Amino acid sequence: MRSFFGKYKFFGIVLFLLSTVIVYLFYNALQPPKKLPVYQPSMVNPELVDTTLQYKRKYHRIADFTLINQNGTTITEKDYGNKFYIADFFFTTCPGICPIMTKNMADIQEHIRQYDDVLLLSHSVTPEIDSVAQLKKYALEKGVDDSLWNLVTGDKKQIYELARKSYMAVKTDGDGGPFDMIHTENFILVDKQRQVRGFYDGTDEKEVRRLMEDLELLRNTAP
């Protein structure tokens with residue numbers, strides 16, 4: 001009996017391994033493919049969404065915009081047409097989370113060089129301080145590649161409305177002063193239809209890696 005089992009031991013091991021692989025393949029085949037959500041205002045923390053939109057459940061898209069970048073060039077939604085992009089809100093004199101966010105966005109910039117359909121967009125929440133000259137100085141200091149990454153300034157009301165009504169990334173707290181736009185640390189992933197597909201902590205390297213994974217997924221599954 002022992003010799004019998006010994007004789008077929010190798011065959012049994014191979015059969016077991018083959019069965020395991022088959023079960024694994026069947027399991028993966030039956031699993032629905034991962035798909036990123038399309039974020040609507042009703043799905044986001046109400047503190048970050050304008051009250052007029054908090055209950056909106058569909059058809060949310062980033063609004064049209066006209067802003068000025070670090071080179072004094074007018075930037076509109078058309079410059080991001082048919083592109084995936086990552087947006088955030090910052091200001092150049094921020095002593096807290098902004099330097100970390102900018103460093104991580106610079107790392108993302110290096111990652112997306114391999115693509116021709118991904119861009120970056122950083123909005124100043126203190127446009128009265130962040131002039132074109134100030135943005136250019138900051139861009140040079142931080143290694144911003146003008147072909148991939150726009151730092152934009154412009155009308156404060158428009159930037160605030162974009163933050164609250166489009167990107168859902170700024171709190172209402174403030175007194176109307178130059179620093180009243182209390183932005184979050186969020187990086188926002190936007191698809192080619194100008195829909196929000198993800199929020200990520202721009203100060204957390206693990207979250208930034210998750211963003212890169214989701215960007216790959218989005219690029220591979222988008223129509």
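This tour moves through a predicted model, from one buried glycine to a set of charged side-chain pairs.

Begin by selecting Gly202, which lies in the loop between β7 (196-201) and α5 (205-221). With a relative accessibility of 0%, Gly202 counts as buried. If you then display its surroundings, leaving aside neighbours within four places in sequence, you will find Gly202 in contact with Ile100, Met101, Asn104, Glu185, Phe187 and Val208. Add Ile188, which is 14 residues away along the chain, and the distance between its C-alpha atom and that of Gly202 reads 9.1 Å.

Next, turn to the salt bridges, of which a search of the whole structure finds 13. Stay with helix α5 and select Glu207 and Arg210, whose side chains meet in a salt bridge at 2.9 Å, N to O. Because these two residues are 3 apart in helix α5, about one helical turn separates Glu207 from Arg210. Arg210 is partly exposed, its relative accessible area being 33%.

Now select Asp145 and Arg113, where the side chains form a salt bridge of 2.7 Å, N to O. This pair links distant parts of the chain, 32 residues apart, since Asp145 sits in the loop between α3 (132-142) and β5 (149-152) and Arg113 in the loop between α2 (98-111) and β4 (118-124). Arg113 is partly exposed, at 42% relative accessibility.

Finish with Glu77 and Lys78, whose side chains meet in a salt bridge of 3.4 Å, N to O. Glu77 counts as buried, at 12% relative accessibility, whereas Lys78 is exposed, with a relative accessible area of 67%.

Key: Residues are numbered from 1 along each chain as its sequence is written. This is a predicted model: local features need pLDDT of at least 70, side-chain atom pairs count only at pLDDT 80 or more; totals for chains, interfaces and linings use all residues. Side-chain values use heavy atoms; hydrogens and water are left out. Helices (H or I, at least four residues) and strands (E, at least two) are DSSP runs, numbered from the N terminus. Buried means under 20% relative accessible area, exposed over 50%, partly exposed in between (1.4 Å probe, protein chains only). Contact means heavy atoms within 4.5 Å. A salt bridge is a side-chain nitrogen of Lys or Arg within 4 Å of a carboxyl oxygen of Asp or Glu.
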